[in-house]
Amino acid sequence: MMRSTSSTYGKNRAVHTAAALLAGALALSLTACGGDDDNNSGGGSQATATETGTTVTLPKLDGKSLEVAAVWTGTEQANFKKVLAEFEKRTGAKVTFVPAQDPIVNFLGSKIAGGQPPDIAMLPQPGAIKQAVDKKWAKPLGAEALKELQENYSQGWQDIGKVDGKQYGVYYKAANKSLIWYNAQVFENAGATEPKTWDELLTTAQTVYDSGVTPFSVGGADGWTLTDWFENVYLSQAGPEKYDQLAKHEIKWTDPSVKDALTTLAQVWGKKDYVAGGATGALQTDFPASVTQVFTGGDQPKAGMVYEGDFSQVNIVQAGAKVGTDAKVFPFPAVGDTAPVVSGGDAAVILKDSEAAQALATFLASPDAATVQAKLGGYLSPNKNVADSAYPNAVQQRMAKALIAAGDDFRFDMSDQAPQAFGGTPGKGEWKALQDFLKNPKDIAGTQQKLEADAAAAYGG
């Protein structure tokens with residue numbers, strides 16, 4: 001989940017090139033790789049990449065303490081704590097992880113009002129960075145952190161952490177949100193094949209359905225999963241220029257392009273028995289359960305496929321399935337001329353400026369921090385100097401290569417570019433409108449009107 005402010009990352013540049021790079025790399029290699037957790041990819045993205053060495057010098061911070069707030073839970077939180085432990089080991093500082101609630105800006109507001117802001121917050125929306133700057137919470141990055149960013153990140157990933165030309169965010173975590181995971185045994189039993197186009201996806205879904213398995217699992221209890229579905233369909237069908245316009249509310253949600261995307265989505269969401277549990281069941285299924293129910297139940301799981309990003313691997317492993325063998329993946333199919341490439345990310349932003357906070361931001365911008373979490377799986381870094389071999393399996397290594405190969409040419413998650421009241425709040429705005437649409441996919445016009453009314457209020461007209 002993420003959102004944004006400036007149009008830098010939304011350039012109308014060679015998105016089709018990025019789509020070819022990402023979708024092509026994934027299509028050619030992801031499902032071809034075996035499930036062995038091998039690390040024999042032979043080196044990193046660049047010659048400077050190192051898997052175990054120290055690439056950044058950090059100050060001694062004995063006696064200093066820091067708090068880092070993020071919405072991460074479960075395995076994701078546990079893995080990030082290992083990164084913080086490495087920082088503690090290198091500096092002598094004590095770092096405490098503070099669990100935050102969504103929306104994190106509201107959580108931070110209450111902490112700041114109480115005089116207890118965390119030193120650093122991991123913000124899952126570019127728009128949240130702007131809010132933090134506008135409220136005068138965020139502090140600019142210092143020279144050392146800027147140096148790490150410039151050495152390790154493409155310009156596009158630097159730019160989405162800027163507000164009014166000043167760098168506030170370090171994009172520590174990235175996501176490829178244009179993937180559909182599937183149960184390999186279900187596909188094999190059904191004789192189903194990986195689709196490259198939306199029409200082929202519908203054919204594959206019918207093949208899976210005919211074999212006695214519900215085609216799709218949808219985590220409708222978490223509205224952000226539904227916005228991700230919409231964004232992939234919309235980007236591929238309407239194109240990058242329209243995507244940028246809708247992201248900035250330069251066109252209305254009543255635009256015919258939105259009607260087209262919702263009509264396309266209804267071909268899955270509105271098809272009887274295509275969604276596990278029907279609309280009612282999907283709306284009671286959170287994201288983790290939407291993944292695990294595809295990879296449990298033997299030959300009769302609750303569904304054969306689930307759409308979501310690379311981070312789904314954490315939940316796949318929790319289900320006892322092996323990525324690359326039991327769980328395979330294909331790029332989100334092309335609805336229009338080109339397959340979509342939607343990305344997201346989480347940025348470290350300093351709220352209490354200090355030597356220790358700047359040092360932690362510097363560490364998070366380095367290959368050293370990302371390498372710790374990359375080895376643990378379920379994580380991608382936009383840091384181009386993380387060794388490919390740091391990732392624990394061939395599937396993830398290829399995802400990482402594709403992400404880096406895209407350079408500046410990607411589209412950031414649309415709902416995360418919106419004001420949080422519209423694109424990032426449970427039970428409100430786009431999340432709620434799309435949940436209502438999942439419940440009643442025939443009401444396309446009503447859904448558009450609700451989306452536009454909420455967007456107009458949130459964007460201020």
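Axes, in what follows, are lines fitted to C-alpha atoms, for helices over the stretch in contact, and angles run from 0 to 180 degrees between N-to-C directions. The exercises concern a predicted model, whose chain comprises 20 helices and twelve strands.

**Exercise 1. Describe how helix α2 packs against helix α15, and state which residues form the contact.**

Step 1. Helix α2 covers residues 74-91, while helix α15 covers residues 355-364. The axes of α2 and α15 lie 11 Å apart, and the angle between them is about 120 degrees.

Step 2. Angles of 65 to 115 degrees count as roughly perpendicular and those over 145 as roughly antiparallel, so α2 is classed as oblique to α15. The crossing in which α2 passes α15 is right-handed.

Step 3. On the α2 side the contact is made by Phe80, Val83, Leu84, Glu86, Phe87 and Arg90, which meet Ala356, Ala359, Leu360, Phe363 and Leu364 of α15. Sorted by class, this contact of α2 with α15 holds nine nonpolar residues, two charged residues and no polar ones.

**Exercise 2. Determine how many residues of α15 are buried, and examine the surroundings of threonine 362.**

Step 1. Buried means under 20% relative accessible area, and nine of the ten residues of α15 are buried, so this helix is largely enclosed by the rest of the structure. The buried residues are Ala356, Ala357, Gln358, Ala359, Leu360, Ala361, Thr362, Phe363 and Leu364.

Step 2. Threonine 362, which has its place in helix α15, counts as buried because its relative accessibility is 5%. If residues up to four places away in sequence are not counted, threonine 362 touches Val56, Glu144, Ala145 and Glu148.

**Exercise 3. Identify the members of the largest nonpolar core that touch the most other members, and the helix that supplies the largest share of this core.**

Step 1. The largest nonpolar core has 90 residues, of which Phe80, Phe87, Met122, Trp181, Phe295 and Leu364 touch the most other members. Helix α15 supplies the largest share of this core, with seven residues.

Step 2. Apart from this core lies another, of 51 residues, which includes Ile180, Val218, Val233 and Ile444.

Step 3. Phenylalanine 295 touches Trp181, Tyr182, Asn183, Val306, Ile316, Ala319, Ala321, Asp326 and Ala327, when residues up to four places away in sequence are not counted.

**Exercise 4. Characterise the packing of helix α11 against helix α19 by geometry and by residue class.**

Step 1. The axes of α11 (residues 256-269) and α19 (residues 429-439) come within 10 Å and cross at roughly 50 degrees. Angles under 35 degrees count as roughly parallel, and α11 and α19 are therefore oblique to each other, in a crossing that is right-handed.

Step 2. Leu262, Leu265, Ala266 and Trp269 of α11 meet Leu434, Phe437 and Leu438 of α19. The contact of α11 with α19 consists, by class, of seven nonpolar residues, with no polar and no charged ones.

**Exercise 5. Locate glutamine 396, decide whether this residue is buried or exposed, and list its contacts.**

Step 1. Glutamine 396 is part of helix α17, residues 394-405, and its relative accessible area of 0% means that glutamine 396 is buried.

Step 2. Leaving aside neighbours within four places in sequence, glutamine 396 is in contact with Gln313, Gly377, Gly378, Tyr379, Leu380 and Tyr391. Glycine 378 stands 18 residues from glutamine 396 along the chain, and the C-alpha atoms of this pair are separated by 8.2 Å.

Conventions
Residues are numbered from 1 along each chain as its sequence is written. This is a predicted model: local features need pLDDT of at least 70, side-chain atom pairs count only at pLDDT 80 or more; totals for chains, interfaces and linings use all residues. Side-chain values use heavy atoms; hydrogens and water are left out. A nonpolar core is a set of buried Ala, Val, Leu, Ile, Met, Phe, Trp, Tyr and Cys residues joined through side-chain atoms within 4.5 Å. Buried means under 20% relative accessible area, exposed over 50%, partly exposed in between (1.4 Å probe, protein chains only). Helices (H or I, at least four residues) and strands (E, at least two) are DSSP runs, numbered from the N terminus. Contact means heavy atoms within 4.5 Å. A crossing is left-handed if the near helix is turned anticlockwise from the far one by less than a right angle, and right-handed if clockwise. Ala, Val, Leu, Ile, Met, Phe, Trp, Tyr, Cys and Pro count as nonpolar, Asp, Glu, Lys and Arg as charged, and the others, Gly among them, as polar.
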